[in-house]
Every structure is written in C-alpha cells, then in structure tokens.
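Thank you for making time for this. Please have the sequence and the structure open while I talk, and stop me wherever something is unclear.

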Amino acid sequence: MNPAEVAEKPARSWSFGTAPGAVPLLGHVLTLWRRPLEFLASLPAHGDVVEVRLGTGRAYLACHPDLVHHILVNPRIFDKGGLFDKARQLLGNSLSVSRGDEHRYQRRVIQPAFHSTKIADYTSAVGDDTRTAIDSWEAGRTQDIGEAMHALLMRVAARTLFSTGADDRTVEEARHCLRIVSQGIYKRTISPLDILEKLPTPGNRRYDHANRRLREIVESMIGERRRSAADHGDLLSTLLRAEHPDTGQRLTDEEILDQVVTFLVAGSETTASTLAFVFHLLGTHPEAERRVHAEIDAAVGDRSPVFDDLPRLEYTRAVITEALRLYPPSWMSMRVAAVDTDLGGHPVPAGALVLYSAQALHHNPELFPDPEEFDPERWLGDRAKEVPRGALLPFGAGSHKCIGDVLALTETALIVATIASRWRLLPVPGTTLRPEPKATLEAGPLPMICEPRRHP
Ligand code: HEM
C-alpha cells in the first residue's frame, strides 16, 4: 500500500504562500544564509505552508504546528534526507541520521539508556562538576558565559557518558576536538561541493586530525570499559549492555563509537547554548532573576541543589522553557518527501525538501502573543494551557524526537540552580546578544560579570 494513503491527515483547510524576495537563479539562498532567523520568523505570515526557493529548486516550510506534527509522525513519507545524507557520511549511520528499519532498531536498543529512571544516576555528579567549575570564578571578574558553559557541558557529558573514566586533560582535548568536528560537520553538510573537503587545506587537515583524535579518545574509553566489565551506571555502561528487546542483539564497538560521538555532538553544544541564553536572559531581566534566586533559596536553603529539588523549581523551569522558545538550539530541520504527497493540500513531489523550524513556530505571534518578549509566565498555571498544541518544539517530535530531552532539561535545571545559588551574572554594559545560527543556535560572545550571592 502506498504509505501516502495511510498517513493521518490534519483535517482543515490550509493556506499556501510563497516567500517574498526570491532572486533569479539563487532564489532565497542568500537571505537564508545572511539572516536566517529573521527570514524564518517572517514566513508564517505568508501561509501555513510556504514555498522557499533554494537555487532553482523548491522547498516547503510547514508553518502550522499541526502540519509540522504531520511531517514528523509520518517518517515513511517525510524521511530523514537532504543534509542528513551528508551528515551520515560524517557521523556514521548513528541514531540521529539513520532511517527506516535501521533507525527503529537503533532507537529500541538505545531508548532504555535514556529512560527517566536512569537520569537521576547520570546527573548525580552534575552538581559536583558545576561547583568545581564555579569555584574558580572570582568576584568582579568577567566570564564569557558561552565558553564557560561549553567547557562545563563537556565535563558533564564526559561524566554522564564515561563516569570516572575521563581525566581533565583528556576532557579538555576532547572538547577542543569536538568544537572543530561539530563546526566541520556543519560546514561540510551545507557545502555544495564535496571536493572542497578533500583539498589539503589547513582547515581540512585540522578537521581530519580533530575527528581522528576524538574517535581515538572515545575508542579507548570503550576499550577500557569492555575490559573492566563493571557496570558504572553511566550511559556507556548502559549502551554496552543494551540489548534489542526482541532479538537480544547488542551494539558493536563501532556502533557504540558512532553513537557516543553523536551524543557528544548532539548533546553538549545544544545544552551549553541553552544555559548561555538562560543566564543572558536572567542578567537582562532583574525581576525574573530575583524570582529565580528566591525560588532556589526557598527550595534549597544553604546546601547545594540536588536532583530531588528540581520539582520545586517551577519558575526556574519556566525560565528555561522560555529560553528554549526564544532561542531554540535546533532552529531548523528538514525531511525529504519519500513519495509524491501533499502538505496541507499542496502537492509535494517525491524528493522535495520539506522544512520545519522551531524558530518560525516559536516567534509566530499567532501562537505566542508578543513573541519577542521574554515572558516565563507563559509556562505557568492557566496560561500554559493556552499555548497551542505542538507550538513549542525545541526537541522535535515523532520517531526522531530528541532522545536526550529529559536528560538535557534535568542537567540544565540543576546547573542553573547550582550556579544561581552562588553567583549573579551581570551583562557587561554595551554587550549585545547576537545569536549565531550554526549547526546549533549559539549565543556568540557573551561576557558577564560574576557577582557573589553567598559563599559555600
Ligand atoms: C537543550 C538541549 C537539546 C536540544 C534543544 C535538542 C534538540 C533536538 C532535536 C530538535 C532533535 C530532533 C531533530 C530532528 O527531528 O531532525 C534532536 C535529536 C537528537 N538528540 Fe537532542 N537536543 C538536546 C540535547 C540532547 C542531549 C543531551 C542528547 C544526548 C546526550 C541528545 C541527543 C540527540 C539524538 C541522539 C538525537 C537523534 C534522535 C533520533 O533521530 O532518533 N540531544 N535533538
């Protein structure tokens, strides 16, 4: 049966529009390249489905949450493809890029490793790592908060994945390599000419070296762990023991290596950027900052925050949700039509690119009144119930929904609580936030001044 016939269709009539400003031959490529965030946020005003010209080709951006949902829950029709095909060559056929039966198989094997009951174990040391990082902060000193969060998140990712196995020097080297690798993957993925990455340029050599070293570091951790055979209660132990629920089959070393590199790429920069945006928002909204401090102080008192405190940090979690709305780390994603189909009644030929963008959804005034306002109250009490279903989409949906969503939210809340219980971070006067849409939406340089709240 043609899968198009079985897809569940959202029932209503939809508007269709074309993005303005296409230029001959290039279409909207230059606009997407130069100011993608503004461009994407402007498109829902043109229809529920908006056609965008990429060179001489056409892509379709779903702007209504129901249509985005339709795309994401019908992977047989809207498959992972396009730039993901390129990423597959770079990341191996790991969870984030695999498709079809292979993806379903991997997801079933790996999903138990991210079960919510495991999260408390994985994050038990996050508070310690955060305290160690902020112990070296000095009153009045300026920190680049993006850089500080990136370093911390790499430590946290290493701890979550490898628990005791990684020393500080190795973690720092892995972080250095990961930065180069993840930016290299992004550049290679969007580059129109494969030949460019084969040239012996300094940039390509740096990428090859970093990629090799990162994989060597991860490989040696896996080897060490295989030899010790002990269960360390971390993500790597869980992956090594993971069995397919039906066949009992386990992952090979090569598969685990690809998955771990994928988790590092997918998990650390996204979470680090979220934290940087949270601290920027708190630093520029003193009333919200005061409420966060009061809530943490009331819930935690003089001790350090722990996992069990998180349910009481309702306002702090609302701030994090609002940061993810305003600055979604995964700002745009895509699928490819596997068959001739339609989107909102508009024909979409097999092979066409179908786009969805958390940036476009989250900044749509029809879905979020005053979308540019930082307003954590949107996520509290009755107001939270007014948010249209599917309008908030930082972690995607459907079979490719972020497998690390609960882990990411837990780590973020714990780190915000641990830092905010000890420090205020004040923006350096004259600093302007300039989010950088790369593989992840990054906060860019964000110098903030550390002011102690209380001493441990
Ligand atoms: C704030 C932090 C994070 C954000 C905003 C985020 C966002 C996303 C989004 C939007 C997707 C779906 C992409 C698509 O449908 O094309 C995704 C997938 C994925 N994420 Fe995350 N992520 C975060 C943290 C993490 C963490 C901590 C991990 C792991 C340790 C992780 C691992 C993955 C993996 C493996 C996938 C692919 C899942 C699949 O295709 O089955 N992410 N993430």
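When I say that residues meet or touch, I mean that they have heavy atoms within 4.5 Å. Please also keep in mind throughout that this is a predicted model.

With that meaning of contact, let me begin with the helices. In α13, the residues Thr274, Val278, Leu281 and Leu282 meet Val319, Ile320, Ala323, Leu324 and Leu326 of α15. By class, this contact of α13 with α15 divides into 8 nonpolar residues, 1 polar residue and no charged ones. The two axes, those of α13 and α15, come within 9 Å and cross at roughly 110°. Since angles of 65 to 115 degrees count as roughly perpendicular, α13 and α15 are therefore described as roughly perpendicular to each other.

Helix α15, residues 314–326, also packs against helix α14, residues 286–300, and here the axes come within 8 Å and cross at roughly 140°. That crossing makes α14 oblique to α15. On the α14 side the contact is made by Ala288, Arg291, Val292, Glu295 and Ile296, and on the α15 side by Glu314, Tyr315, Thr316 and Val319. Sorted by class, the contact of α14 with α15 has 5 nonpolar, 1 polar and 3 charged residues. You may notice that Val319 is named in the contact of α15 with α13, and that Val319 is named again in the contact with α14.

Helix α13 brings us to the sheets. Spanning residues 253–284, α13 lies across β10 and β13, and runs at about 80° to β10. Those two strands belong to an open sheet of 3 strands, in the order β5-β13-β10, with antiparallel pairing. Which strands stand at the edges of this sheet? They are β5, residues 142–144, and β10, residues 423–427, and because each has a single partner strand, one side of each is left without a neighbour in the sheet. Neighbouring strands here are turned by 40° against each other on average, with direction ignored. Between β5 and β13, the latter covering residues 447–452, there are 3 bridges, and the two strands run antiparallel. To place that pairing on your screen, find Thr142, whose bridge partner in β13 is Ile449.

The other sheet I want to show is an open one of 6 strands, in the order β1-β2-β3-β9-β6-β4, and its pairing is mixed. Its edge strands are β1, residues 16–18, and β4, residues 78–79, each of which pairs on one side only. Starting from the β1 edge, β1 and β2 pair in the parallel sense over 3 bridges, and Thr18 stands opposite Glu51 in β2. The next pair, β2 and β3, runs antiparallel and is joined by 6 bridges, with Leu54 opposite Gly57 in β3. These two strands, β2 and β3, form a hairpin with 2 residues between them, and Gly55 in the turn has a positive phi of about 60°. Further along the sheet, β6, residues 333–337, is joined to β9, residues 353–356, by 4 bridges in an antiparallel arrangement, and the bridge partner of Arg335 in β9 is Val354. Helix α4, residues 65–72, packs on this sheet, touching β2, β3, β4, β6 and β9, and its direction makes about 125° with that of β9.

In the loop between β3 and α4 you will find His64. Is His64 buried or exposed? At 17% relative accessibility, His64 counts as buried, because the cut-off for that class is under 20%. Leaving aside neighbours within four places in sequence, His64 is in contact with Arg12, Trp14, Asp48 and Leu361.

A second residue to look at is Glu147, which has its place in helix α9, residues 145–162. With a relative accessibility of 36%, Glu147 counts as partly exposed. Not counting residues up to four places away in sequence, Glu147 touches Arg175 and Arg179. Glu147 and Leu30 are 117 residues apart in sequence, and their C-alpha atoms are 29 Å apart in space.

I have kept the ligand for last. Which protein residue donates to the iron atom of the ligand? The iron has a single donor from the protein, the SG atom of Cys402, at 2.3 Å. If you want to find Cys402 along the chain, look in the loop between α17, residues 381–386, and α18, residues 405–420.

Note on methods: Residues are numbered from 1 along each chain as its sequence is written. This is a predicted model: local features need pLDDT of at least 70, side-chain atom pairs count only at pLDDT 80 or more; totals for chains, interfaces and linings use all residues. Side-chain values use heavy atoms; hydrogens and water are left out. Donors are N, O and S atoms within 2.8 Å of the metal (3.2 Å for Na, K and Ca); water is not among the atoms, so sites may look incomplete. Axes are lines fitted to C-alpha atoms, for helices over the stretch in contact, and angles run from 0 to 180 degrees between N-to-C directions. Angles under 35 degrees count as roughly parallel, over 145 as roughly antiparallel, 65 to 115 as roughly perpendicular and the rest as oblique. Ala, Val, Leu, Ile, Met, Phe, Trp, Tyr, Cys and Pro count as nonpolar, Asp, Glu, Lys and Arg as charged, and the others, Gly among them, as polar. Buried means under 20% relative accessible area, exposed over 50%, partly exposed in between (1.4 Å probe, protein chains only). Two strands pair if DSSP finds at least two bridges between them.
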